[in-house]
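Subject: Structure handover

Hello,

Here is the structure you were expecting, with my notes on it underneath. Please read them with the model open beside you.

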Amino acid sequence: MTESPCSRIDPEAMFPAPSDTAAITFAKEQVCGTCHFRAQCLEWAISPFSRSEYGIFGGHTEEERRDLVKARKLAKPVRLNYGPLPPKHQRLSAAA
């Protein structure tokens with residue numbers, strides 16, 4: 001993330017006060033809006049390993065990220081369908 005737009009500005013710009021709507025808009029639209037790493041940044045921010053509590057990450061505020069985490073917990077798991085197994089003679093044998 002050293003090439004992201006937020007790495008080239010004052011870090012305080014990415015941690016505005018919740019009541020400062022102008023600073024929040026600047027961070028979300030001007031900084032995160034032009035970033036190519038926005039999706040990765042958001043995934044990192046809401047992952048259980050980092051769970052950043054404050055600041056703008058991936059174009060989302062703290063409250064918006066909390067809502068995303070809640071929505072993910074409530075979502076039903078997706079069942080993967082890999083299709084039918086090939087016949088036994090066509091399957092790869094396990095390496096010893």
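Glutamate 64 and lysine 28 form a salt bridge, with their closest N and O atoms 2.9 Å apart. This pair joins distant parts of the chain: glutamate 64 lies in helix α3, lysine 28 lies in helix α1 (residues 21-31), and 36 residues separate them. Glutamate 64 is partly exposed, because its relative accessibility is 30%. Lysine 28 is also classed as partly exposed, in this case because its relative accessible area is 23%. Please keep in mind that this is a predicted model.

How many salt bridges does the structure hold? There are two. The other pairing is between the side chains of arginine 72 and glutamate 43, at 2.4 Å from N to O. Here too the pair links distant parts of the chain, with arginine 72 in helix α3 and glutamate 43 in helix α2 (residues 38-46), 29 residues apart. Arginine 72 has a relative accessibility of 48%, so it counts as partly exposed. For glutamate 43 the value is 38%, and that residue therefore counts as partly exposed as well. As a general point, side chains of opposite charge can pair when their charged atoms come close.

Glutamate 62 is a charged residue without such a partner. It sits in helix α3, which covers residues 62-74. Glutamate 62 is buried but has no salt bridge. Which side chain of opposite charge is nearest to it, and how far away is it? That side chain belongs to arginine 65, and the distance is 5.2 Å. A salt bridge requires the nitrogen and the carboxyl oxygen to be within 4 Å, so the distance of 5.2 Å to arginine 65 does not qualify. What the side chain of glutamate 62 does reach is the backbone nitrogen of glycine 55, at 2.7 Å. Setting aside residues up to four places away in sequence, glutamate 62 touches Glu53, Tyr54 and Gly55.

Next, the packing between helices α3 and α2. Valine 69 is in helix α3, and isoleucine 46 is in helix α2. Their C-alpha atoms are separated by 6.6 Å, although the two residues are 23 residues apart along the chain. Is valine 69 buried or exposed? With a relative accessibility of 13%, valine 69 counts as buried, because the limit for that class is under 20%. Isoleucine 46 is buried too, at 6% relative accessibility. From isoleucine 46 to glycine 58 the C-alpha distance is 9.7 Å, and these two are twelve residues apart in sequence.

Before helix α1 there are two residues to look at. Glutamate 3 is in the segment before α1, and serine 4 is placed in that segment as well. Glutamate 3 has a relative accessible area of 58% and is therefore exposed. Serine 4, in contrast, is buried, with a relative accessible area of 2%. Where do they make contact with the rest of the chain? Leaving out residues up to four places away in sequence, glutamate 3 touches Arg8 and Phe37, while serine 4 touches Cys35 and Phe37. Phenylalanine 37 thus appears in both lists. The C-alpha atoms of glutamate 3 and phenylalanine 37 lie 9.0 Å apart, with their positions 34 residues apart in sequence.

Last, the segment after α3. Tyrosine 82 is located there, and so is arginine 91. Tyrosine 82 is exposed, with a relative accessible area of 73%. Together with Val78 and Leu80, Tyr82 forms a nonpolar patch on the surface, and the accessible area of the three together is about 430 Å². Arginine 91 is partly exposed, because its relative accessibility is 38%. Its contacts, not counting neighbours within four places in sequence, are with Leu85 and Pro86.

Regards

Methods
Residues are numbered from 1 along each chain as its sequence is written. This is a predicted model: local features need pLDDT of at least 70, side-chain atom pairs count only at pLDDT 80 or more; totals for chains, interfaces and linings use all residues. Side-chain values use heavy atoms; hydrogens and water are left out. Helices (H or I, at least four residues) and strands (E, at least two) are DSSP runs, numbered from the N terminus. Buried means under 20% relative accessible area, exposed over 50%, partly exposed in between (1.4 Å probe, protein chains only). Lys and Arg count as positive and Asp and Glu as negative; His and the chain ends are not counted. A polar contact is a pair of N or O atoms within 3.5 Å; within protein, one must be able to donate a hydrogen and the other to accept it, and residues adjacent in sequence count only if both atoms are side-chain atoms. Contact means heavy atoms within 4.5 Å. Patches are made of residues with over 30% relative accessible area and no salt bridge: like charges are joined within 9 Å, nonpolar side chains (Val, Leu, Ile, Met, Phe, Trp, Tyr) within 5 Å. Accessible areas come from the Shrake-Rupley method with a 1.4 Å probe; for residues, only the protein chains shown count as cover.
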